[in-house]
Amino acid sequence: SFSESPLWSGGPTITAIGAKSAEGEVIDFNREVTMKENVETWLENLLEVTKDTISDKVYEVDRDIKNGCTVEEFTLTFPCQVAVLGFYLQWTRDCELAISENKLDRKALHNLGRKYSNIVARLPTVLNKEGVR
């Protein structure tokens, strides 16, 4: 799961510019969070910025998928949890299409299953070649 360990930039005021998960994955925030007020306030701000940033990434992966981005591409582009959600979005769209085409093509669902079996089989190779974030 995603951990909120801030990455800091220096200066007289401490500013969180991103977060790092327990697994080492880094996400840059959409905006900085200044750590100058009381702890409760800046932790609330940190949580809000984290949620907003991840929400924006989800919209980005959805847009990229609609524009033809492949599973392999968005898996390497987006944070892991966002990429997994993107994979589910693409799979759901493809399933809906295959179900609607099943009346004309009885092999549509079978072909979809084969397509995703191939994608899942290739992902470890893609991730190992690129080095996981």
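Let me start with one pair of residues, Asp62 and Arg93, whose side chains meet in a salt bridge with 2.3 Å from N to O; please keep in mind throughout that this is a predicted model. The two partners come from distant parts of the chain, since Asp62 sits in helix α1 and Arg93 in helix α3, 31 residues apart. Asp62 has a relative accessible area of 16% and is therefore buried, whereas Arg93, at 29%, counts as partly exposed.

Now to the helices that carry this pair. Helix α1, residues 39-66, packs against helix α3, residues 80-101, at an angle of about 40°, and their axes lie 9 Å apart, so the two helices are oblique to each other. The crossing of α1 past α3 is right-handed. On the α1 side the contact includes Ile54, Val58, Val61 and Asp62, and on the α3 side it includes Leu85, Gly86, Leu89 and Arg93. Taken by type, the residues of this contact are seven nonpolar, two polar and four charged.

How many salt bridges does the structure hold? There are seven, and I will mention a few others. Helix α3 also takes part through Asp94, which forms a salt bridge with Lys115, with the closest N and O atoms 3.1 Å apart. Because Lys115 lies in helix α4, residues 108-130, this pair ties together parts that are 21 residues apart in sequence. Here Asp94 is buried at 12% relative accessibility, while Lys115 is partly exposed at 38%.

Back in the sequence, Arg63 and Asp64 meet in a salt bridge of 3.1 Å, N to O, and finally Arg31, Glu48 and Asp52 are linked in a network of salt bridges.

Terms used:
Residues are numbered from 1 along each chain as its sequence is written. This is a predicted model: local features need pLDDT of at least 70, side-chain atom pairs count only at pLDDT 80 or more; totals for chains, interfaces and linings use all residues. Side-chain values use heavy atoms; hydrogens and water are left out. Axes are lines fitted to C-alpha atoms, for helices over the stretch in contact, and angles run from 0 to 180 degrees between N-to-C directions. Helices (H or I, at least four residues) and strands (E, at least two) are DSSP runs, numbered from the N terminus. Angles under 35 degrees count as roughly parallel, over 145 as roughly antiparallel, 65 to 115 as roughly perpendicular and the rest as oblique. A crossing is left-handed if the near helix is turned anticlockwise from the far one by less than a right angle, and right-handed if clockwise. Contact means heavy atoms within 4.5 Å. Ala, Val, Leu, Ile, Met, Phe, Trp, Tyr, Cys and Pro count as nonpolar, Asp, Glu, Lys and Arg as charged, and the others, Gly among them, as polar. A salt bridge is a side-chain nitrogen of Lys or Arg within 4 Å of a carboxyl oxygen of Asp or Glu. Buried means under 20% relative accessible area, exposed over 50%, partly exposed in between (1.4 Å probe, protein chains only).
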